[in-house]
Amino acid sequence: MSTTSFALGIVSVLCGFLFVVPILGLIFGIIGKRREPAGTTLAVWGIVLNAVVLVGWIVLLILLIVTGAFTVIFRQ
């Protein structure tokens, strides 16, 4: 679980997946941190990477909505 979370975090950062992959990475990281004491470091890194990607996408989405650029993108 910890390794999966870390791998999903790296993939999310490199490929820029929107919500599904980082959310799954967070879930795997939290479960891995609780169940695998040896994989705590990987779980924490997975949680951090996935959280950063999610926060980044949420901030970008809010900026697009506030500036009105979101509606211009979907009108075309």
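**View A. Buried residues of helix 3 in the predicted model.** In this predicted model, the buried residues of helix 3 are Ala43, Gly46, Leu49, Asn50, Val53 and Leu54, and the buried residues of this helix pack against helix 1 and helix 2. Residues three or four places apart in an α-helix point the same way, because there are 3.6 residues a turn.

**View B. Helix 3 along its length, and the residue that follows.** For the 28 residues of helix 3, a rise of 1.5 Å a residue gives an expected span of 40 Å, and the end C-alpha atoms are 40 Å apart, which agrees. Just after helix 3, Gly68 adopts a positive phi of about 85°.

**View C. The crossing of helix 1 and helix 3.** The axes of helix 1 (residues 2–15) and helix 3 (residues 40–67) come within 7 Å and cross at roughly 30°; because angles under 35 degrees count as roughly parallel, helix 1 is described as roughly parallel to helix 3. The crossing is left-handed. On the helix 1 side the contact includes Phe6, Leu8, Ile10 and Val13, which belong to a set that meets helix 3 residues, among them Leu42, Trp45, Ile47 and Val53. The residues of this contact divide into ten nonpolar, seven polar and no charged.

**View D. The surroundings of Lys33 in helix 2.** Lys33 lies in helix 2 (residues 20–35) and, at 41% relative accessibility, counts as partly exposed. Apart from its neighbours within four places in sequence, Lys33 is in contact with Ser2, Thr40, Ala43, Val44 and Ile47. Pro22, eleven residues from Lys33 in sequence, is 16 Å from Lys33 in space, C-alpha to C-alpha.

Methods
Residues are numbered from 1 along each chain as its sequence is written. This is a predicted model: local features need pLDDT of at least 70, side-chain atom pairs count only at pLDDT 80 or more; totals for chains, interfaces and linings use all residues. Side-chain values use heavy atoms; hydrogens and water are left out. Axes are lines fitted to C-alpha atoms, for helices over the stretch in contact, and angles run from 0 to 180 degrees between N-to-C directions. Helices (H or I, at least four residues) and strands (E, at least two) are DSSP runs, numbered from the N terminus. Angles under 35 degrees count as roughly parallel, over 145 as roughly antiparallel, 65 to 115 as roughly perpendicular and the rest as oblique. A crossing is left-handed if the near helix is turned anticlockwise from the far one by less than a right angle, and right-handed if clockwise. Contact means heavy atoms within 4.5 Å. Ala, Val, Leu, Ile, Met, Phe, Trp, Tyr, Cys and Pro count as nonpolar, Asp, Glu, Lys and Arg as charged, and the others, Gly among them, as polar. Buried means under 20% relative accessible area, exposed over 50%, partly exposed in between (1.4 Å probe, protein chains only). The expected span of a helix is 1.5 Å times one less than its number of residues.
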